[in-house]
Amino acid sequence: MATNQEFANYVCDQLSLAGFITAKKMFGEYGIYCDGIIIGLLCDNQFFLKKTEEGNVLKEIVEAPAYKGAKPTFLIESLDDKEYLEVIISATLKGLATRK
């Protein structure tokens, strides 16, 4: 089951406190970007956040591949708390910036 546009819009809205969030269609699913930096994927109506050390601020860490053969990422199961999502997205961006 592919991710639907409504779910992609919902995720973008829920992450909006962290920055300018966009969802771009990729291979039948979506890449999620914050301020132009890819931070995760939407696959089968689930949000997978890139794995970083800084991302360990998660309340519950669930790792799973976004698709068969992919490296494990953080599966974000609860998207209800915008302030919490802002914290984890900001931490992930910081981690991704240190990789460069």
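Helices and strands here are DSSP runs, numbered from the N terminus; a strand has at least two residues. The model is predicted.

**Two unusual backbone angles**

Most residues other than glycine have a negative phi. Phe27 has a positive phi of about 55°, yet Phe27 is not a glycine. Where does Phe27 lie? Phe27 sits in the loop between strand S1 (21–26) and strand S2 (29–34).

Asn45 is also no glycine, and its phi is positive at about 55°. Asn45 is found in the loop between strand S3 (37–43) and strand S4 (46–49).

Are these residues buried or exposed? Exposed means over 50% relative accessible area. Phe27 has 84% relative accessibility, so Phe27 counts as exposed. Partly exposed falls between the 20% and 50% limits. Asn45 has 21% relative accessibility, so Asn45 counts as partly exposed.

**Two pockets**

Rolling a probe the size of a water molecule over the atoms shows where empty space is left. Here are two pockets with their volumes and linings.

| Pocket | Volume | Lining residues |
|---|---|---|
| Largest | about 190 Å³ | five nonpolar, one polar, four charged |
| Second largest | about 160 Å³ | five nonpolar, one polar, one charged |

Which residues line the largest pocket? They are Leu58, Lys59, Glu60, Val62, Leu75, Ile76, Glu77, Ser78, Asp81 and Tyr84. Four residues of this lining are charged.

The second largest pocket is lined by Leu41, Ala66, Tyr67, Ala70, Lys71, Pro72 and Thr73. One residue of that lining is charged, and five are nonpolar.

Key. Residues numbered from 1 in each chain as written. Predicted model: local features only at pLDDT ≥ 70, side-chain atom pairs only at ≥ 80, totals over all residues. Heavy atoms only, no water. Helix = DSSP H or I, 4+ residues; strand = E, 2+ residues; numbered from the N terminus. Buried < 20%, exposed > 50% of the residue type's maximum accessible area, 1.4 Å probe, protein only. 1 Å grid on protein atoms, 1.4 Å probe; cavity = no way out; pocket = protein on both sides within 12 Å on 5 of 7 lines; lining within 4 Å. Points joined across faces, edges and corners; volume = space filled by probe spheres on them. Nonpolar A, V, L, I, M, F, W, Y, C, P; charged D, E, K, R; others polar.
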